[in-house]
Every structure is written in C-alpha cells, then in structure tokens.
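Hello,

Here is the structure I promised to pass on. Please open it first, then read the notes below.

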Amino acid sequence: MTEKLDNIKNAALASVAEASTTAQLAAIRVKYLGKSGEISLIMRDMANVPKEERPALGKLVNEAKGEVETALESKFAALEEEEKSARLKAEAIDITLPVTPANGGLHPLTLVRRQLIDIFAGMGFSVAEGPEIESDLYNFQLLNIPKDHPSRDMQDTFYVNDNFVLRTQTSAMQARIMTKTQPPIRVVIPGKVYRSDDDASHSPIFNQFEGLAVDEHITMGDLQGCLTTFAKKIFSEDTKIRLRPSYFPFTEPSVEVDVTCSMCHGKGCRVCKGTGWVEILGAGIVNPAVLEMCGIDSKKYSGFAFGFGIDRIAMIKYGIPNIKLLYENDMRFLAQFN
Ligand code: PHE
C-alpha cells in the first residue's frame with residue numbers, strides 16, 4: 001500500500017513538473033486530489049488495511065496530498081505569471097505608430113458669430129440669449145404687431161399653438177429685455193430663428209444677430225456710427241454703408257442698410273448683381289410706442305435697434321452661394337474654414 005502511494009505521488013509530482021499551462025495543472029489537481037482522484041481513492045482502500053497500520057498509513061496519505069498540493073501551488077504561481085506577461089506582450093498597443101488625426105474646426109457660422117460678438121463687445125454691448133419657442137407677446141405684440149395685423153404677413157410664422165411660435169426674429173428679445181431692464185441698455189442677441197421659407201438664400205432655420213441700445217439722447221447718428229464700425233470690422237476697412245427708408249412696426253423711422261459689395265468693393269459684380277451694394281440688415285429708431293408698452297419712458301429715453309442674418313454675413317464674407325451649405329455639414333465644405 002505504501003509503495004502504491006509512493007508511485008502515485010511520484011507520478012503526480014512528475015506531471016506537475018512537466019505541466020506547461022495552468023489549465024494542465026487544473027486537470028492534474030482533479031486527477032490526483034479530486035473527489036475520486038487517485039490519492040483520495042487510496043483512503044477508501046483503508047478498509048483492507050489492518051487496524052494497527054491505519055493511523056500510520058493515514059498520515060502518509062496526508063503527507064503525500066500536502067506535497068502534491070504544494071508542488072501544484074508553486075507551479076501554478078509561476079505559470080500564471082508567465083501567461084500574464086505573454087498576454088500583455090501579445091495585446092500591447094504600439095503607441096509609437098503614427099496616426100493621421102482628423103482636425104476639428106469651427107463652423108463658419110460660429111466663426112462669424114464670435115467675430116460679431118467681439119466687434120460689438122468692443123463698442124460696449126453685452127450679450128444675451130433667449131428661448132427659441134417664444135410667446136406671441138414677445139415675438140409680436142410688444143413689438144407693435146397686434147394679432148391679425150397685416151404686418152405679420154412679413155414673416156412666415158411656425159405656430160406652436162395660438163400663443164406660442166418658433167421665434168421668427170431675435171427682436172423678441174428686445175421686448176423681453178426692455179420689460180425687465182431700465183436704460184441704459186446696450187445688448188446684442190445672437191440666436192436661431194425660424195420661418196416657413198425655403199430657397200437658395202432662405203432656410204426654414206437661420207441665425208440672426210440683434211442689437212439694441214436705449215439711453216438718453218440716442219439718435220439715428222448713433223445707429224449709423226455703430227453700423228459703420230461694424231461693417232468695416234466684419235468686411236474690410238474700405239466698406240461703406242448706406243441707409244434707405246423702410247418699414248418695421250417696432251422702429252420709427254426704419255431703415256434698410258446696404259454695404260458696399262465686399263467681392264468687388266463697389267465696382268459691380270455677380271454677388272451684388274452689378275449694383276456695387278448688398279443689402280444686409282434692417283434697423284431703426286425704437287418706436288416710442290414699443291418703449292412705452294415695455295415700461296420705458298419714451299420722453300426721457302430713445303433707442304436704436306438693428307437685426308441681420310449671421311448666415312447672410314457669412315455668405316457675403318466667404319462667397320457662399322447657397323445657404324443650405326451652412327446646414328448640411330458636408331465635411332468637404334466645412335474643412336475649408338479650418
Ligand atoms: N427683426 C427684423 C427682421 O427680422 C430686423 C430688424 C431688427 C429691424 C431690429 C429693425 C430693428 O427682419
């Protein structure tokens with residue numbers, strides 16, 4: 001019996017020594033130390049051994065078990081370490097491989113908006129933003145456009161319900177600001193607006209840039225000076241502006257403003273249709289009726305306001321022929337602005 005035990009133990013130790021993977025070791029453990037493993041089975045033969053020899057044999061079996069167990073454990077630790085480093089090597093990422101990064105860049109509308117904010121911040125304007133779903137009150141009524149007034153036809157409105165619209169103009173923010181703040185006010189408002197209109201120069205969603213200044217003694221001269229500075233900075237130093245009479249319900253008098261064409265510098269070309277001028281914005285002196293509706297004393301204060309499309313400025317500045325290019329996110333187009 002002792003001899004049989006010795007043989008089994010030696011065979012077990014030999015196969016542990018030969019094993020080259022942790023999986024093999026697991027199989028060896030089952031074969032010798034498992035419930036019906038060879039060493040465990042010897043214990044069952046104990047019944048055939050004379051009583052007085054049983055304690056001694058039991059001790060030997062336990063010693064053999066311990067020896068095999070120890071051998072298994074130390075070999076397991078060694079193999080596990082080896083397998084781990086082999087795996088690390090095999091799965092390593094070569095961080096020295098050169099890659100071609102796709103450079104991100106700012107959208108042309110973002111570039112122009114940031115530049116506009118810079119220009120007006122330089123003239124003392126702060127920046128405000130407002131909701132795109134706007135109440136009829138701010139988008140129309142407080143701007144002197146009552147319900148059913150024909151001037152609502154100037155803007156093809158998306159109605160959310162009877163009282164809310166997708167704002168058709170950032171001018172809505174004029175009313176919001178004037179009902180909450182007393183002059184002096186100097187603020188610009190960039191933001192998305194919506195109109196049911198769709199062709200090469202109109203998109204149902206576009207970006208406007210609103211300006212509002214309310215203070216004592218504000219005149220059309222202040223508006224003209226402010227817009228001249230803006231036009232020279234956004235286009236070029238030789239840019240001139242001209243004011244033509246126009247109509248908006250919330251400004252009185254109202255003007256439409258043209259700039260000399262930045263493509264041909266006033267000589268006449270395809271962009272300005274040969275006239276040398278391009279129309280870029282609507283503006284005027286804030287209608288005293290609007291000041292009063294918003295809670296500002298029109299005897300003490302006056303103001304000017306203007307609004308234009310950021311899209312249109314970008315199109316003129318970069319010679320972009322179709323407004324849709326600004327909203328399609330075609331990488332071949334966008335990459336040109338990096
Ligand atoms: N809100 C007008 C538009 O969208 C532009 C404008 C703004 C005109 C401010 C006058 C004063 O057409």
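Start with two helices. Helix H1 (residues 2–18) packs against helix H3 (residues 38–45) at an angle of about 170°, and their axes are 10 Å apart. H1 is therefore roughly antiparallel to H3, since angles over 145 degrees count as such. On the H1 side, Lys4, Leu5 and Ile8 make the contact. H3 brings Glu38, Ile39, Ile42 and Asp45. By type, the contact has 4 nonpolar residues, 3 charged and no polar ones.

Bear in mind that this is a predicted model.

Next, the sheet. It is open, has 7 strands and shows mixed pairing. The strand order is S1-S4-S5-S9-S8-S7-S6. Strand S1 (126–127) and strand S6 (241–248) are the edges, each pairing on one side only.

Now look at strand S9 (residues 302–309). It runs antiparallel to strand S5 (residues 205–215), and 8 bridges join the two. Gly211 has Phe306 of S9 as its bridge partner. Val214 stands opposite Gly303 in S9. S9 also pairs with S8 in the antiparallel sense, over 5 bridges. There, Ala283 has Phe306 of S9 as its bridge partner.

How many residues of S9 are buried? The count is 8 of 8, so to speak of S9 as mostly covered is fair because buried means under 20% relative accessible area. Ser302, Phe304, Phe306 and Phe308 point one way from S9. Gly303, Ala305, Gly307 and Gly309 point the other way.

Last, helix H7 (residues 172–180). H7 lies across strand S4 (185–194), S5, strand S8 (277–286) and S9. It runs at about 140° to S4.

Best wishes

Key
Residues numbered from 1 in each chain as written. Predicted model: local features only at pLDDT ≥ 70, side-chain atom pairs only at ≥ 80, totals over all residues. Heavy atoms only, no water. Pairing = 2+ DSSP bridges. Helix = DSSP H or I, 4+ residues; strand = E, 2+ residues; numbered from the N terminus. Contact = heavy atoms within 4.5 Å. Axes fitted to C-alpha atoms, helices over the stretch in contact; angles between N-to-C directions. Parallel < 35°, antiparallel > 145°, perpendicular 65-115°, else oblique. Nonpolar A, V, L, I, M, F, W, Y, C, P; charged D, E, K, R; others polar. Buried < 20%, exposed > 50% of the residue type's maximum accessible area, 1.4 Å probe, protein only.
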